[in-house]
Each structure stands twice: as C-alpha cells, then as structure tokens.
Amino acid sequence: YSISFIIAFFIIKNYNTKSSISVEEVYLIFYLPMLDLLRLLIVRIYKNQNPFKADRNHIHHYVNNKLDNVLKTCIVNNLIAFTPLIIFTIYQSFYILVAITILYFLLIFFIKK
C-alpha cells in the first residue's frame, strides 16, 4: 500500500507542477486498479458480502493462479496495465481511450476464476 501511495503521489504531483504528463495518461496509469476495485465492489455487494473484506478475487490473483509464477504474473500484469497507455501515447485519440476503457472494463468485469 505504501509503495502504491508513493507512486500515485508522485504521478499526481508531477501532473500538477510540470504538466509533462496529460490527464489521459494519469487516467490510464490508474484505470486498471480502479476498474478492478469497481468490479470487486459490485460483485461483493451483489453477493451480500462486506465490500471491504480482503479476498483473493483480484485480477493479479487470477493471473497468478493460472501461471503459478510470481515473475510471470508481474510481467503479465504490467503488460495488461501499460499496453493501453502505450497505444494512447502513439495515437493520441480520445476515442481510442474510450474504446480501451470499455474493452478492459468488459474483460475485467466478466473475468472468472
């Protein structure tokens, strides 16, 4: 949690001071954890569970269960997280940003164990 907070703090601070990073890029850096959090909240509330209780239903847990290797899991999670950022950086299109968000939301929301 501490490392995530520090990274988020510096990304937002960089955006507010230097503006070398665009709003869309900040969004794309944080969108995967946000979508995973939203998916877990919806699923837990639908199942009448405490939405703040820890479990092993996060995306990285699913990937780790499939791969059984922490290094491979880190690589796959980073590819999942940074591919949209790279695509957006190349094309600089709002419509691509929206399409990527919808596609990833559908993939993340309907992921099964």
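Helices (H or I, at least four residues) and strands (E, at least two) are taken as DSSP runs and numbered from the N terminus. The model is a predicted one, in which local features need pLDDT of at least 70 and side-chain atom pairs count only at pLDDT 80 or more, while totals for chains, interfaces and linings use all residues. Residues are numbered from 1 along each chain as its sequence is written, and side-chain values use heavy atoms, with hydrogens and water left out.

On this basis the protein contains five helices and zero strands, giving the pattern α-α-α-α-α along the sequence. Its C-alpha atoms fill a box of roughly 40 × 30 × 30 Å along the principal axes. The predictor's confidence in each residue, pLDDT, runs from 0 to 100; its mean over the protein is 80, with 94% of the residues at 70 or more. Confidence is highest in helix 3 (residues 59-67), at a mean of 85, and lowest in helix 5 (residues 94-109), at 76. Of the 113 residues, 27% are buried, where buried denotes under 20% relative accessible area, exposed over 50% and partly exposed the range in between (1.4 Å probe, protein chains only). Among contacts (heavy atoms within 4.5 Å) between residues at least 6 apart in sequence, 46% join residues at least 24 apart.

Helix 2 comprises residues 23-46, and its 24 residues should span 34 Å at 1.5 Å a residue, which agrees with the 32 Å between its end C-alpha atoms; the expected span is 1.5 Å times one less than the number of residues. A kink of about 45 degrees is nevertheless found at Tyr 31, shortly before the proline Pro 33, the bend being the angle between axes fitted to the seven residues ending at a position and the seven starting there. The buried residues of helix 2 include Leu 28, Tyr 31, Leu 32 and Leu 35, together with the charged-type positions Glu 25, Asp 36, Arg 39 and Arg 44. After the helix comes Asn 48, with a positive phi near 55 degrees.

Helix 4 (residues 70-91) has 22 residues, for which 1.5 Å a residue predicts a span of 32 Å, in agreement with the 32 Å separating its end C-alpha atoms. Its kink, of about 35 degrees, lies at Phe 82, shortly before the proline Pro 84. The N-terminal end of helix 4 is capped by Asn 69, a side-chain oxygen of which lies 2.9 Å from the backbone nitrogen of Leu 71, and the helix is followed by Gln 92, whose phi is positive, near 50 degrees.

Two polar residues of helix 4 were examined further. Thr 73 counts as buried because its relative accessibility is 7%, and, leaving aside neighbours within four places in sequence, Thr 73 is in contact with His 60, Val 63, Asn 64 and Leu 67. Asn 77 is likewise buried, at a relative accessible area of 18%, and with residues up to four places away not counted, Asn 77 touches Leu 32, Ile 59, His 60 and Val 63.The largest nonpolar core, a set of buried Ala, Val, Leu, Ile, Met, Phe, Trp, Tyr and Cys residues joined through side-chain atoms within 4.5 Å, has 13 residues, and those with the most contacts inside it are Leu 28, Tyr 31, Leu 32, Leu 35, Ile 59, Tyr 104 and Ile 108. Helix 2, helix 3, helix 4 and helix 5 each give two or more residues to this core. Ile 108 touches Leu 32, Leu 35, Asp 36, Arg 39 and Ile 59, again without residues up to four places away in sequence.

Methods. Polar contact = N/O pair within 3.5 Å; in protein donor to acceptor, adjacent residues only side chain to side chain.
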